[in-house]
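Please read this report with the sequence and the 3D structure side by side. It looks at a ligand site, at two backbone angles and at pairs of charged side chains.

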Amino acid sequence: MKPAPFCYHAPASVAEAISLLRDLRDEDAKVLAGGQSLMPMVNMRLARPAHLVDINGIDDLAHISCPDDGGLAIGALTRQRRLERSAEVARRAPLLAEALPLIGDRLVRSRGTIGGSLAHADPTAELPVVAVALDAEIGVVGPQGARPVPSSQFFVSVLTTAVEVDELLVEVRLPPATPGEGYAFVELARQHGAFAIVAVAASVALDDGHIREARIALGGVAPIPVRAWEAEEALRGQPFIPETLARAAEMTAAATDPMPDVHGSPEYRRAMAAVHTRRALQLAGDRATSTGGAAGA
Amino acid sequence: MPNGLPIMPMPVAMRVDGHLYERAVEPRRLLCDYIRQDLGLTGTHVGCEHGICGACTVIVNGEAVKSCLMLAVQARGADVQTVEALAQNGQLHPLQEAFAEHHALQCGFCTPGMLMAALTFLNENSDPTDEQIKLGMDGNLCRCTGYYNIVDAIRAAARMMRV
Ligand SMILES: Cc1cc2nc3c(=O)[nH]c(=O)nc-3n(C[C@H](O)[C@H](O)[C@H](O)COP(=O)(O)OP(=O)(O)OC[C@H]3O[C@@H](n4cnc5c(N)ncnc54)[C@H](O)[C@@H]3O)c2cc1C
Ligand code: FES
Ligand code: FES
């Protein structure tokens, strides 16, 4: 099908975009970034926005900057493909680097943006899980100015985030990785390039064969990406052995609340959450270097 | 209904296969439809219209993209390459030669997109492994060939293009 008619706007700056979005706030305006989620819906007329505000002409939204603290600040419009090929991303955010190639296909990632993926908030998308696992801070700008939103408060529900209709997601800020920490992103998908049925991001930091700290975030098991806080707590100080990981994985799965869909029942998703949590923890721990010795990944 | 003006056709200039075109284009016109219907360049195919099949792949400013997920107005000022400019002076491009040689097409519906995706892929990686070819071509579906011949053709084209 073809899109229904709409008004097209191409602001050249964030300020111009915000003033447009404010003027159009009661008129069903949609931000257009890479278009890889929005355009299929517009083509099929599942979405019929009256206005499209195309942010692709805003140059200062497409940066990858490396603050001195060792973290990363990524402009919302940065293409997924560019991130995937960035040496800085590989070095400073290995979890993000591992998740990126699992998104769609090469052509989709050439247009798709990091901001679009987070703003779209598909419950089975990869990048929201990464953001929640890494405690990312999401930079949002609106008529009242800029406000940072912690990833734990960013995702509200299926396809719904803390970004208001007159606001723009402008930047994704990742805190520095802990030296020696290991990361893993694993997912179960029906086929290469498909959205995940269950996706798990994990990090493990080891001290002398014991888990100093672990983080677990899951996608596909709830309306929004979730952290497995209880399992993380239970892992602290435990020996890094398969039994410990299996127990944490069961605990993680038991705490999920999956929705049924054509790709899997809640029971299936919960079972797969356990399997993939265990695998992600194992892989992350295998990649961690015990501290007390050399720092750095 | 929106009362702003930009719902009306707006002037768009872009270069397609080396020619500069200046047309008034409705904002909702997809890039693939602009190429096929407004410019009459029907070498680019349209399959699914929602980003799954890759038949509509063209190269915009050096990047292969699915042209059904881009508006024509978004390509204003851009340099667009379609399958129609691959052959030069009646000479097939090495990729086209290799596709013919290796039976990498049957009905040919996916081929324009395959060729454009392959071209950008080989620009990034001139000596790929089969596994890399499969990953690099993961945005393009073929319902006829079973893909083996397509991988063979791209491997062969890479060899021809290296010399
Ligand atoms: C064939 C195919 C397969 C795919 N497979 C996957 C997959 O496996 N995993 C996956 O995660 N994704 C997948 N996607 C989606 C892809 O990752 C998209 O790139 C992403 O979801 C949206 O990013 P975008 O830049 O294209 O955003 P758009 O499509 O332009 O926008 C998406 C939504 O976010 C809003 N938005 C975008 N940017 C901003 C901003 N800066 N501020 C405020 N709101 C904004 C838009 O208004 C819209 O509602 C697939 C897409 C296709 C076509
Ligand atoms: S027609 Fe564009 S991807 Fe299928
Ligand atoms: S040759 Fe028929 S779809 Fe590929």
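How many residues surround ligand 1, and which are the closest? The model shown here is predicted, and in this model 32 residues surround ligand 1, the closest being V31(A), S37(A), L38(A), T113(A) and E126(A).

**The site around ligand 1**

The residues that surround ligand 1 come from chains A and B, so the site is shared between chains. When the residues of this shell are sorted by kind, 17 are nonpolar, 13 are polar and 2 are charged. Three contacts between polar atoms of the protein and oxygen atoms of ligand 1 are set out in the table.

| Residue | Part of the residue | Partner | Distance |
|---|---|---|---|
| K30(A) | polar side-chain atom | oxygen atom of ligand 1 | 3.2 Å |
| S117(A) | polar backbone atom | oxygen atom of ligand 1 | 3.4 Å |
| F195(A) | polar backbone atom | oxygen atom of ligand 1 | 3.5 Å |

Taken alone, ligand 1 exposes 970 Å², and the protein buries 94% of that area. The elements that give two or more residues to the shell around ligand 1 are β2 (29-32), α7 and β10 (168-174), which belong to chain A. Of the contributors to this shell, α7(A) gives the most, with 4 residues.

**Helix α7 and the loop after it**

S117(A), whose backbone takes part in one of the contacts in the table, is found in helix α7, which covers residues 114-120 of chain A. Is S117(A) buried or exposed? Its relative accessibility is 14%, and because buried means under 20%, S117(A) counts as buried. If residues up to four places away in sequence are not counted, S117(A) touches Q80(A), A125(A), L127(A) and P128(A).

A121(A) is found in the loop between α7 and α8 (126-133) of chain A, and with a relative accessibility of 5% this residue counts as buried. To read its backbone angle, a general point helps: most residues other than glycine have a negative phi. A121(A), however, has a positive phi of about 60° although it is not a glycine.

A second case of this kind is found in chain B, where N89(B) has a positive phi of about 50° although it is not a glycine. N89(B) is found in the loop between β5 (79-81) and α2 (94-101) of chain B, and at 79% relative accessibility it counts as exposed, whereas A121(A) counts as buried.

**Salt bridges**

Side chains of opposite charge can pair when their charged atoms come close. How many salt bridges does the count come to over all chains? The count comes to 27 salt bridges over all chains, and a few of them are described here.

In chain A, the side chains of R25(A) and D166(A) meet in a salt bridge, with a distance of 2.9 Å from N to O. This pair links distant parts of the chain, 141 residues apart, since R25(A) is in the loop between α1 (14-23) and β2 of chain A, while D166(A) is in the loop between β9 (160-161) and β10 of chain A. R25(A) counts as partly exposed at 40% relative accessibility, whereas D166(A), at 8%, counts as buried.

R215(A) forms a salt bridge with D135(A), and the closest N and O atoms of this pair are 3.6 Å apart. Because R215(A) lies in strand β13 (residues 210-219) of chain A and D135(A) in the loop between α8 and β6 (137-142) of chain A, the pair ties together parts that are 80 residues apart in sequence. Here R215(A) counts as buried, at 10% relative accessibility, and D135(A) counts as partly exposed, at 40%.

In chain B, R162(B) forms a salt bridge with D127(B), the closest N and O atoms being 3.2 Å apart. R162(B) lies in helix α5 (residues 148-162) of chain B and D127(B) in the loop between α3 (111-124) and α4 (130-136) of chain B, so this pair ties together parts that are 35 residues apart in sequence. R162(B) counts as partly exposed at 40% relative accessibility, while D127(B) counts as exposed at 52%.

Salt bridges can also be followed beyond a pair. R81(A), E84(A), R85(A), R109(A) and E124(B) are linked in a network of salt bridges.

Definitions and conventions:
Residues are numbered from 1 along each chain as its sequence is written. Chains are lettered from A and ligands numbered from 1 in the order in which they are written. This is a predicted model: local features need pLDDT of at least 70, side-chain atom pairs count only at pLDDT 80 or more; totals for chains, interfaces and linings use all residues. Side-chain values use heavy atoms; hydrogens and water are left out. Buried means under 20% relative accessible area, exposed over 50%, partly exposed in between (1.4 Å probe, protein chains only). Contact means heavy atoms within 4.5 Å. A residue is near a molecule or strand if one of its heavy atoms lies within 4 Å of it. A polar contact is a pair of N or O atoms within 3.5 Å; within protein, one must be able to donate a hydrogen and the other to accept it, and residues adjacent in sequence count only if both atoms are side-chain atoms. Accessible areas come from the Shrake-Rupley method with a 1.4 Å probe; for residues, only the protein chains shown count as cover. Ala, Val, Leu, Ile, Met, Phe, Trp, Tyr, Cys and Pro count as nonpolar, Asp, Glu, Lys and Arg as charged, and the others, Gly among them, as polar. A salt bridge is a side-chain nitrogen of Lys or Arg within 4 Å of a carboxyl oxygen of Asp or Glu.
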